[in-house]
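Visitor: I have a few "how do you know" questions about this model. Could you take me through the reasoning?

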Amino acid sequence: MQDAILRLDGVVKRFAGHTAVRGLTLAVPRGGIFGLLGPNGAGKTTSIRMIMNVITPDEGTITLFGEPASRELSARIGFLPEERGLYKKMEVLDHLVFLGETKGLTRHDARTRGSRWLERLGLRDWEKRKVEDLSKGMQQKVQFISTVLHEPELVVLDEPFSGLDPVNSREMKNIVLEIAREGRTVLFSTHIMEQAEQMCERIVIIARGEKVVDGAVADVKREFGGQFVALTFTRNKEAARRVLADRTLVARVEDYGATAEVELAAGAEGERLLLALVTAGVGLSRFEVVEASLHSIFIAKVGAEAAVAPASEATQARRSEVVHA
Amino acid sequence: MRKVLAVVRREFVTRVHTRAFLIGTILGPLLMGGMFVMPILLSRQTQPRRIVILDGASGSFGARVERRLSAEMRDTVGAARPRYDVRRVATEPGRLAAVRDSLVALTGRAGAEAPGPHGILVLTDSAVATGRLQYVGTNVGSPGDMGALQRSLGDPVRLERLARAGVDPAIALPAMGPIRLSTLKVSEGRVTGESGGSSFALAYIMSFMLYFALLIYGMQVMTSVVEEKSSRIMEVLVSSLSPFEMLLGKVVGVGAVALLQLAIWAGTAMLLTTFRVQIAGLFGASPTAAALPLPTVSPALFLVFIVFFALGFLFYAAAYAAVGSMCNSVQETQQAQVPVTLFIAAGLLTMFTLLGDPSSGLARVLGLVPFVAPFVTPVRYSFAPLPLVELLASAAAMIAGVIAVVWVAARIYRVGILSYGKKASLADVFRWVRTA
């Protein structure tokens, strides 16, 4: 990848007692939306913190805009950390102006842009109020505005949609898509595969600090191959379970309850499965031959147990952040 | 640099806009004004002390004491008024105790028509010889009252002794006239017209202003670091500002607020002292009554005070910021800040040592010790301007101290602001300082 806006090369980060990131190498191309996926405790937040120069890697190099990562470049990056935080006692617009100034905007510019964003996200009436008077969702919006206020070339969002209701979540997604349409780059992390599937052009999946999958979403799915069928049941799920247990027909089942994703066994055809299900008296509202979902790719590559990282590691990654910045 | 200014402005504006700052700023001058006006109002209220002289002594001793006490005047606003309302009761020495006890029963009794006496002064012949007099009363707990009474009794007792030795009171009386030492302070080669008392007052006021400003605003720096940590805004800040920029901006911003408040307070104090005669006049006081031991502040002293306050603030605020970065909650800081606070208290305590001899060798050495120099040098300067060399040496020592503390604090801060979980141990802190 020639025109990478961000490049990690053999990055390692150790904390007391465990290694959070093990030799991570990845390249984020300029433009578009890039997903950094992985279960809780996989090392996503640690990687993002290293990219943002909050902590420094123990080994390996990080290159931003073709230069070694440094705080000098922070004006070109917008950053939404996993743990949100604002000064509770500050007025909303003043707060945006302050954060804009730390990114190199002039006071005047920061003020006009801040007003415009607040207007757009329906917070106009709140700009003179203190941050602590806002609801949690509104505070999230304010923080989101602060990450894009200075029109950065690269926007890094750590779990951007967590804690947002569907309406706000859609509003944020639209902004992210808009940034990508303008040719700027968005890197976001999530542990919700469906989100990434909807938005990302390219993804990297990491687990236990290591890269497991890397590439354009379409390529990843094609390479993964296999034949998948998405099912939605209306009745008689018990019978369906017996049919799906037939290993000559079905290689693996991802059971979601009312729906399921099925990987057909080698040589088996979708029609045979449909016939078997109908014969068994299973009611279906959906039967669709599809590509593998990121979720099933993830399960296949990492194993179901990695989806739930050991509790001790996950908590350690968050708690014992002894850093040498 | 623009980023640092943004931090400075944020710290300054958000603090100056708080109600606490407004109240503190108004309350300071109000208290000062109150300290000035209250004594005037109080002295106006004070009634003469009713004293019964229980005279069991022979000769004219009792009459002498009565004359003397009746002549004592109180420096009151407007016109001078008698200090005592005296009645003399002559008794035989044998019945002294019985009469005293019956008078004691009346003492302190309230009532508009016949209020009881405040106290009873017992005179005996042996008292003339030994100088031991007895006063029983309700106001014996007042050092002012008792001091005045004791001073008034000195002359009549000595006169009585001389008279009994055969000295003519006409000779003895003028010989015992009072001696007054008038003290005038020399500053910068000129007599300033200030009394010694005002120098003390100035040293006290300056030291306490420094003490409270360092303590209150130093703690504000510490608390705001902890709050930035616990609200997690630290992560956003760290990604765009270097820890040193954050530390510098915070300390300078809070320091500017402290300076503003001190300037308002000092300005009020200067106005009060400059116009004290007029203000006293508003309350009906005479110009002499307003001649309290209030100091005047020279511009040079003001400058020294401000410079050493600023250096002292950098020194201590950086230390407080480091303490804040080591803690996860305001409660945790309670314990962790004790060492820093003790050093500030030590600075205040040195002032009392200095009052004894501000030009001693010890005082000179203390002026070179960074953590007490912010107190020592302005106080010494207030007694007498220091030679330029000494002033510069003290400032240089202070600057060196500030650089050392800021260097260490910045290293602790840099790591501390991003470490959550358990409170940092001393060993952790040493490791943070050592790592490059």
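Guide: Gladly. This is a predicted model, and a good place to begin is chain B, where buried residues make up 35% of the 436 residues. Chain B has 18 helices and 8 strands. Of its contacts with a separation of 6 or more, 73% are between residues 24 or more positions apart.

Visitor: What makes helix H2 of chain A largely enclosed by the rest of the structure?

Guide: Helix H2 (residues 92-102) has 11 of its 11 residues buried, so the helix is largely enclosed. Among the buried residues are A:Leu93, A:Val97 and A:Phe98, and also A:Asp94, A:His95 and A:Glu101.

Visitor: What covers the buried residues of H2(A)?

Guide: The cover includes helix H3 (107-120) and helix H4 (136-148) of chain A, together with H1 and H9 of chain B. After H2(A) comes A:Gly104, with a positive phi near 90 degrees.

Visitor: How many residues does each chain bring to the contact between A and B?

Guide: Chain B brings 22 residues and chain A brings 28. On the chain B side, the elements giving two or more residues are helix H1 (2-16), helix H9 (234-240) and helix H17 (388-416). H9(B) gives the most, with 6 residues. By class, this side of chain B has 9 nonpolar, 8 polar and 5 charged residues.

Visitor: Why is A:Asn53 called buried?

Guide: The cut-off for buried is 20 or more other C-beta atoms within 10 Å. A:Asn53 has 22 C-beta neighbours inside 10 Å, so A:Asn53 counts as buried. This residue sits in the loop between helix H1 (44-51) and strand S4 (59-64) of chain A. Its phi is near 65 degrees, a positive value in a residue other than glycine.

Visitor: And how do you know whether A:Asn236 is buried, exposed or partly exposed?

Guide: Buried needs 20 or more, exposed means 12 or fewer, and partly exposed lies in between. With 14 other C-beta atoms within 10 Å, A:Asn236 is therefore partly exposed. A:Asn236 is not a glycine, yet has a positive phi of about 55 degrees. Its place is the loop between strand S11 (228-235) and helix H8 (237-244) of chain A.

Visitor: Finally, which domains is chain A divided into?

Guide: Domain 1 covers 4-216 + 310-319, and domain 2 covers 226-290. The C-alpha centres of these two domains of chain A lie 39 Å apart.

How values were computed: Residues numbered from 1 in each chain as written. Chains lettered and ligands numbered in written order. Predicted model: local features only at pLDDT ≥ 70, side-chain atom pairs only at ≥ 80, totals over all residues. Domains from an automatic or database assignment. Contact = placed C-beta atoms within 7 Å. Helix = DSSP H or I, 4+ residues; strand = E, 2+ residues; numbered from the N terminus. Nonpolar A, V, L, I, M, F, W, Y, C, P; charged D, E, K, R; others polar.
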